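Student: I would like a close look at one part of this model, the domain that carries the C-terminal helix. Could you take me through how that part is put together and how it sits against the rest of the chain?

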Amino acid sequence: LRNDQLDAWDRESFLHPSTHWGQHARGESPNAIITGGSGSFIEDRDGKRLLDAFAGLYCVNVGYGRTQIAEAIAKQAHELAYYHSYVGHGTEASVTLAHMVLERAPEHMSKVYFGLGGSDANETNVKLLWYCNNILGRPKKKRIISRWRGYHGSGLVSGSLTGLDPFHRAFDLPLSQVLHTTAPYYFRREKPEQSEAQFSAQCAADLEALIEREGADTIAAFIAEPVLGTGGIVPPPKGYWEAIQPVLEKHDIWLIADEVVTGFGRLGTMFGSEHYGLKPDIITIAKGLTSAYAPLSGSIVSDKVFAVLEQGTDTMGPIGHGWTYSAHPIGAAAGVANLKLIDELGLVENAGTVGAHLRAALAEAAGGHPQVGDVRGEGMLAAVELVADRDARRFFDPAGATAGKVVAAMRERGVIARAMPQGDIIGFAPPLSLSREEAETVAGVTAEALKAVLG
Ligand code: PLP
């Protein structure tokens, strides 16, 4: 097919996610057909190679073009492309993957329920919570607290948990069972004089005040990403998790760690929970589980949660919750090959060391620019936040346009970063296999693009 034919079909037929549909249909926004990838690079139909410093949507953690995973998928497709996983059915791949996930998860985690993507895994989590609290005879304890700027998906419950306005506005969300509390975003704190420790204490106090106002007997869980991702790539301020967890324990509120981004190595540890000393009751996984070579997600439940689920099915029979594609054999085969590759290539360690190098290189190349307010990150996650005025801590108005221009200028220079959806934040989440030289290229191109756009 010719490029112009594909372009016409695309604009006539395809509703792309998170896209300005009118502009796209009218041909007013760019279009790209991606044809291949290798390592940290993707290639488009015109043969242009781009260093993908966002690993797709922070998911191609082992990098592009890994033949081991492709072969595992092909082998599974030849042998058995599909069978369901209901009532004890499984495949060698799905059973092996469940075992491998539990081997890597924190000690106290017990079992994994497989889904397709992060959004449906969070829908599953909320149903499991509600089910458990019915079994425990506390049917009022159902609401979930999330954070402003949290990202937990685009479904009705998961989109409600998400704390970003575009995911609520015009959809009648959030649902009434979801409440939001303060984002642990130190750089944008309201009181500039606060230390990180004071700000963390305030976040915990805000959470506790919300719990007390609404009644702890109405709150089932708190859901959070170990590092805020889509909301701006914001690592927690010092002492945040140490202040939050006791509040949850005191009020018997379960913790759901949404590790869709942080799971399987991104922070330089296998899980973000390990990195920050979290003791979650449920962990959400997706993206890095298969490095996106095939769709697969999971809800990992702790011993404590499983004990309640077991009691529930013993009294009520099989749980009424299942997806046709739960534990899809092709996703599972991709997952097994992916987790093996992460170990073989030492990618968890590489994420820690090269990630630190990337942040240092960004700080050195771009940190001095007067419109750069903050360079931050953790493991193989980084962000450069732009400000209209650094001293006055004034942000650009309207928000987003400046980062959008910088990211477009970076793309012209061969590097993909992401303009994060709320604010002027340039986000980086490269494959965990990124090399030191590639990290330096990313930093250098960022600085060049800043200069080209902002002078
Ligand atoms: N949770 C987190 C932390 C995410 O970053 C995402 C996606 O970016 C999701 C959930 C939703 O996952 P999916 O897009 O696979 O539904």
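Tutor: In this predicted model, the C-alpha centres of domain 1 and domain 2 lie 26 Å apart. The contact between them draws on 30 residues from domain 1 and 27 residues from domain 2. On the side of domain 1 that touches domain 2, the elements that give two or more residues are helix H3 (55-58), H13, E11, E12 and E15. As for the bounds, domain 1 is made of two stretches, 32-62 and 346-454, while domain 2 covers 69-344.

The sheet is a good place to begin with domain 1. Four strands form an open sheet here, in the order E11-E12-E15-E14, and the pairing is antiparallel. Its edge strands are E11 (372-378) and E14 (418-419), each of which pairs on one side only. In general, the strands of a sheet pair through backbone hydrogen bonds, in either a parallel or an antiparallel manner. At the E14 edge, two bridges join E14 to strand E15 (residues 425-428), the two strands running antiparallel, and Ala419 stands opposite Ile426 in E15.

Two helices can then be placed against these strands. Helix H13 (residues 347-366) lies across E11, strand E12 (381-386) and E15, and runs at about 175° to E11. H13 is also among the elements on the side of domain 1 that touches domain 2, and it is one of the elements that cover the buried residues of helix H15.

H15 itself, the C-terminal helix you mentioned, occupies residues 436-454. At 1.5 Å a residue, its 19 residues should span 27 Å, and its end C-alpha atoms are 27 Å apart, so the expected span and the modelled one agree. The buried residues in H15 are Glu438, Ala439, Val442, Ala443, Val445, Thr446, Ala447, Ala449 and Leu450. What covers them includes strand E3 (49-52), H13, E12, helix H14 (401-412), strand E13 (415-416) and E15. With E3 at 49-52, this cover includes an element from the 32-62 stretch of domain 1. After H15 comes Gly455, whose phi is positive, near 85°.

One backbone detail belongs to this part as well. A cis peptide bond joins Asp397 and Pro398, with omega about 0°, and Pro398 is found in the loop between E12 and H14. Most peptide bonds are trans, and most residues other than glycine have a negative phi. A second cis peptide bond, between Leu173 and Pro174, has an omega of about 5°; Pro174 lies in the loop between helix H7 (156-161) and strand E6 (178-181).

For comparison, some features of the rest of the chain are worth setting beside this picture. Strand E10 (297-302) is mostly covered, with six of its six residues buried. Ser297, Ser299 and Val301 point one way from E10, and Gly298, Ile300 and Ser302 point the other way. E10 has antiparallel partners in strand E4 (residues 109-115), to which six bridges join it, and in E9, to which four bridges join it. Within these pairings, Tyr113 stands opposite Ser299, and Ile285 stands opposite Gly298.

The loop between strand E9 (282-285) and E10 contains Ala292, which has a positive phi of about 65° although it is not a glycine. Ala292 counts as buried because it has 22 C-beta neighbours inside 10 Å. Val87 likewise has a positive phi, of about 30°, although it is not a glycine, and its place is in the loop between helix H4 (67-79) and helix H5 (92-104). Val87, however, counts as exposed, because it has 7 C-beta neighbours inside 10 Å.

Finally, the part can be set within the whole. The chain has 15 helices and 15 strands, and 49% of its 455 residues count as buried. Its C-alpha trace spans about 65 × 60 × 45 Å along the principal axes. A compact globule of 455 residues would have a radius of gyration near 23 Å, and the chain has 22 Å, so the two agree. Among contacts between residues at least 6 apart in sequence, 73% join residues at least 24 apart.

How values were computed:
Residues numbered from 1 in each chain as written. Predicted model: local features only at pLDDT ≥ 70, side-chain atom pairs only at ≥ 80, totals over all residues. Rg over C-alpha atoms; globule rule 2.2 N^0.38 Å. Buried ≥ 20, exposed ≤ 12 C-beta atoms within 10 Å, placed from the backbone. Contact = placed C-beta atoms within 7 Å. Pairing = 2+ DSSP bridges. Axes fitted to C-alpha atoms, helices over the stretch in contact; angles between N-to-C directions. Expected span 1.5 Å × (residues − 1). Domains from an automatic or database assignment.
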